[in-house]
Amino acid sequence: MQTHFSLAQLADPQVAESEKILRACVHCGFCTATCPTYVLDGDERDSPRGRIYLIKDMLENGGAASPDVVKHVDRCLSCLSCMTTCPSGVHYMHLVDHARAYIEKTHRRPFLDRVVRAGLALVLPHDGRLRMALWLAAVARPLAPILARIGLKPLAAMLELAPSRSAQSRLVPRRTALGRTAPGRSIVEGSQVFAAVGERRGRVALVAGCVTPVVGPSILDAAIRVLTRHGVEVVLPMGQGCCGGLVHHLGREHESLEAARRNVAVWTRELDARGLDAILLTASGCGTTVKDYGFMLRSDSKFASSSARVAGLTMDICEYLALANIPPASLNNGLRVAYHAACSLQHGQKITQQPKELLRRVGFVVTDIPEAHLCCGSAGTYNILQSDIAKRLRARKVGHIESVEPDVIAAGNVGCITQIAAGTVIPVVHPIELIDWATGGEVPPALQGRTAAVPACLSG
């Protein structure tokens, strides 16, 4: 693609990087076939190729982003399916990230949009605030249809996605701090450490994140149990927090970089003090962000080197287990699992086979689903900010999942789990919960009480 940036514009490192990405695009259109928003409505402006044109014009003109450009960039899920499809290697992720930051700096959104986005940035990255917000949302859930009818769709979507009060009592246990269900817990200089069972074969940091401890604490507990059961010491370093991905996709660049710097400092301190084989994440959306820390902080003289080091050690939990050959094979238990490939995992991190191979290794019957490359509509805060499109994508995804008649659905991202669970009665769990269960751990909360779906070999 031909570009027309001035030398003054190209002096900005972000513009210079985006110009390289734009020039790589050859207008072939392969990306349109795998873009969820284009597949739904066929609008060229809601395809990667169309958005690339809009972003190019916006950046070249250098003024405030127009409402039309904002509309179509906002409709992008950042699912990165286009990057998997693109034969020219266009790094669309970095381009759209730059566009979002540019929009945030130059465009004044309508009042309600500003309030909702500020509220999401204020609440979601902080588990204490999120816990309180979910409790309030559960109480106000009956108001969702009314809010939708009067045009407050983002607020209605928040209420609809929030777990019910009964579900919260099951998914957000009050019992104790994270990891209390795992053995060998100790505190070392403020960090939680879980000792390996038997001979230690590795040491890893587990990133708790912000949403998962509230919405899916059982995921983190299961990860700790699987790792320690197979000889891996696990540390939850004191001071780690939200990866910054949620605010990053909202275009709030300063906040996302501050989150990245905080985490890099925490993990680097742990690396230098006691060593780590890997930094593990159970939320693939966070994993894609942390693996990009080296790029995000490339111009920061203080953090450029350490962020690249951290990014190089970052792995998805299933990626690590497969590489370390954990766990060993077990007998077939007969439970039929539909595997939903989270976009951030299959497109963002190019991890496609490891989760399925691990599930098969421990005895589950794993089945792929039609259109597995298309997004479920979760995409961070997308299912709140673009709820109409998100619901259509969820209905399409759930229809394909239900067509293979699974006993349970497995997804490697807490956002996908929440999104899909809101559209089906089939239980949705993280693969690590099934792996833990099959190797001696607890029944996943989503399967508790569903004895008909639990094979006899696992019921004990």
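Modeller: Let's start with three classes: Ala, Val, Leu, Ile, Met, Phe, Trp, Tyr, Cys and Pro count as nonpolar, Asp, Glu, Lys and Arg as charged, and the others, Gly among them, as polar. What you see is a predicted model, where local features need pLDDT of at least 70, side-chain atom pairs count only at pLDDT 80 or more, and totals for chains, interfaces and linings use all residues. Residues are numbered from 1 along each chain as its sequence is written, and side-chain values use heavy atoms, leaving out hydrogens and water.

Biologist: What makes a space a cavity?

Modeller: On a 1 Å grid over the protein atoms alone, it is a set of points where a 1.4 Å probe fits but cannot get out; lining residues have an atom within 4 Å of a point. Points are joined across faces, edges and corners, and the volume is the space filled by probe spheres set on them. By this rule there are three cavities of 30 Å³ or more.

Biologist: What volume does the largest cavity have, and which residues are closest to its centre?

Modeller: Its volume is about 140 Å³. Of its 17 lining residues, C25, C31, I52, C86 and V90 are closest to the centre. Helix α4 (48-61) contributes the most, with three residues. Helices here are DSSP runs (H or I) of at least four residues, numbered from the N terminus.

Biologist: How does the lining of the largest cavity divide by class?

Modeller: Set against the classes above, 13 of its residues are nonpolar, three polar and one charged.

Biologist: And what about the second largest cavity?

Modeller: That one has a volume of about 80 Å³. Among its 13 lining residues, C35, P48, C76, C79 and C82 are the closest to its centre.

Biologist: Why is T212 called buried?

Modeller: Buried means under 20% relative accessible area (1.4 Å probe, protein chains only). T212 has 5% relative accessibility, so T212 counts as buried. This residue is found in helix α13 (residues 212-215). Contact means heavy atoms within 4.5 Å, and beyond four places in sequence T212 is in contact with P217, I219, L220, T282, A283 and V414.

Biologist: What makes a group of residues a nonpolar core?

Modeller: The members are buried Ala, Val, Leu, Ile, Met, Phe, Trp, Tyr and Cys residues joined through side-chain atoms within 4.5 Å. The largest such core has 79 residues, and those touching the most other members are L227, L280, Y320, L321, F364 and L434. Helix α14 (residues 217-229) supplies the largest share, seven residues. A second, separate core of 29 residues includes C31, C76, C82 and Y102.

Notes. Buried < 20%, exposed > 50% of the residue type's maximum accessible area, 1.4 Å probe, protein only. Helix = DSSP H or I, 4+ residues; strand = E, 2+ residues; numbered from the N terminus. 1 Å grid on protein atoms, 1.4 Å probe; cavity = no way out; pocket = protein on both sides within 12 Å on 5 of 7 lines; lining within 4 Å.
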